[in-house]
Amino acid sequence: MELLYEGKAKKVYRSEVPGQLIMEFKDDATAFNGQKRGQIADKGSVNARMTARIFQWLMEKDIPTHLIRPLDDRHLLVRQLTMIGLEVVVRNEVAGSLSQRTGLPEGTAIAQPVLELYYKNDALGDPLINDDHVRLLHLASPQELEAIRRQAMHINEWLRPFFQERGILLVDFKLEFGWFEGQLMLGDEISPDTCRLWDIQTRERLDKDRFRRDLGGVEEAYQEILKRVMT
């Protein structure tokens, strides 16, 4: 397979079919814009399987995604999207950078979900931007941005009860979108790498924060999330 791109967490290959790609999920882990690096055993398998499970479930709810089908525990066959250069973060509780920027304690419930936009640019550290910056950078038209916001909030409305039924609090999560044949589609992944996921009863962190903050038990947390999601 021809390698088209290698990022911090995934490799992307050209498939034999035009318009289709193969995503390989790696065990490599990074944090703080690549300043911290390591490996999490079987992370690639956990993230690929969890992404496939959730994307398949979202497609049953009429939310289009780039997923065609899983190939094995680490590889997904996906549509080749024209990606929009935005990371869309939906927040249901205060955590991480939102706590740092507002002074609100982590775990503070948010009455109405907060949606944030980040410019997807590694060299700049993926900075937080607003609608005017999106216009300045020609990342999306006002109509496209409204469609992105609407879809992100719709996904949140489905995912919160999905996780709640499994004893998990969906604190916040990152989404990426792209276009395929004129249709807006969810791309990238949904995994412990891209979500903050806390046990509802204990508030134990079951996500990448365990790696970021040197909390230990990283592999166990990823496996616990996968076990619950796959039920």
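The exercises below, each with a worked solution, concern a predicted model of one protein.

**Exercise 1. Overall build**

Task: State how many helices and strands the protein has, and decide how its radius of gyration stands against the globule rule.

Solution:
- Step 1. The protein contains six helices and 14 strands.
- Step 2. Its radius of gyration is 17 Å, close to the 17 Å that the globule rule gives for 231 residues, so the protein is as compact as a globular protein of that length.
- Step 3. The C-alpha trace spans about 45 × 40 × 35 Å along the principal axes.
- Step 4. Of the 231 residues, 52% count as buried.
- Step 5. Among contacts with a separation of 6 or more, 57% come from residues 24 or more positions apart.

**Exercise 2. The five-stranded sheet**

Task: Give the order of the strands in the open sheet of five strands, and say which are the edge strands.

Solution:
- Step 1. The order is E1-E2-E3-E7-E6, and the pairing is antiparallel.
- Step 2. Strand E1 (2-6) and strand E6 (67-70) are the edge strands, since each pairs on one side only.
- Step 3. From one strand to the next, the twist averages 30°.

**Exercise 3. Pairings within the sheet**

Task: For E1 with E2, E3 with E7, and E6 with E7, find how many bridges join the strands.

Solution:
- Step 1. E1 and strand E2 (residues 10-14) run antiparallel and are joined by four bridges. Glu2 has Arg14 in E2 as its bridge partner. The connection from E1 to E2 is a hairpin through three residues.
- Step 2. Strand E3 (residues 20-25) pairs with strand E7 (residues 75-79) over five bridges, in the antiparallel sense. Opposite Glu24 stands His75 in E7.
- Step 3. E6 and E7 run antiparallel, with three bridges between them. Leu67 stands opposite Val78 in E7. These two strands also form a hairpin, with four residues between them.
- Step 4. As background, strands of a sheet pair through backbone hydrogen bonds, either parallel or antiparallel.

**Exercise 4. A helix across the sheet**

Task: Which strands does helix H1 lie across, and at what angle does it run to E6?

Solution:
- Step 1. Helix H1 covers residues 43-60.
- Step 2. The strands it lies across are E3, E6 and E7.
- Step 3. The angle between H1 and E6 is about 130°.

**Exercise 5. The nonpolar core**

Task: Name the residues with the most contacts inside the largest nonpolar core, then list what Leu159 touches.

Solution:
- Step 1. The largest nonpolar core has 56 residues.
- Step 2. Leu159, Phe163 and Phe177 have the most contacts inside this core.
- Step 3. Leaving out residues up to four places away in sequence, Leu159 touches Ile54, Trp57, Leu58, Leu170, Phe173 and Ile190.
- Step 4. A general tendency applies here: in soluble globular proteins, nonpolar side chains tend to be buried together.

**Exercise 6. Salt bridges between separate parts**

Task: Explain why the pair Asp122 and Lys8 ties together parts that are apart in sequence, and do likewise for Lys120 and Glu176.

Solution:
- Step 1. Asp122 and Lys8 meet through their side chains in a salt bridge, at 3.7 Å from N to O. Asp122 lies in the loop between strand E10 (109-119) and strand E11 (128-129), and Lys8 in the loop between E1 and E2, so the pair ties together parts that are 114 residues apart in sequence.
- Step 2. Asp122 is partly exposed at a relative accessible area of 44%, and Lys8 is partly exposed at 33%.
- Step 3. Lys120 forms a salt bridge with Glu176, and their closest N and O atoms are 3.2 Å apart. Lys120 lies in the loop between E10 and E11, and Glu176 in strand E12 (residues 168-180), so this pair ties together parts that are 56 residues apart in sequence.
- Step 4. Lys120 is partly exposed, with a relative accessible area of 38%, whereas Glu176 counts as buried at 6%.

**Exercise 7. Buried or exposed?**

Task: Decide whether Arg166 and Glu165 count as buried or exposed.

Solution:
- Step 1. The side chains of Arg166 and Glu165 meet in a salt bridge, 3.7 Å from N to O.
- Step 2. Buried means under 20% relative accessible area, and exposed means over 50%.
- Step 3. Arg166 has 16% relative accessibility, so it counts as buried.
- Step 4. Glu165 has 65% relative accessibility, so it counts as exposed.

**Exercise 8. The salt-bridge network**

Task: How many salt bridges are found in the whole structure, and which residues are linked in a network?

Solution:
- Step 1. The search of the whole structure gives 31 salt bridges.
- Step 2. The network links Arg91, Arg101, Glu106, Glu116, Asp172, Arg196, Arg205, Asp209, Arg212 and Arg213.

Technical notes:
Residues numbered from 1 in each chain as written. Predicted model: local features only at pLDDT ≥ 70, side-chain atom pairs only at ≥ 80, totals over all residues. Heavy atoms only, no water. Core = buried A, V, L, I, M, F, W, Y, C linked by side-chain atoms within 4.5 Å. Buried < 20%, exposed > 50% of the residue type's maximum accessible area, 1.4 Å probe, protein only. Contact = heavy atoms within 4.5 Å. Pairing = 2+ DSSP bridges. Axes fitted to C-alpha atoms, helices over the stretch in contact; angles between N-to-C directions. Salt bridge = Lys/Arg side-chain N within 4 Å of Asp/Glu carboxyl O. Rg over C-alpha atoms; globule rule 2.2 N^0.38 Å.
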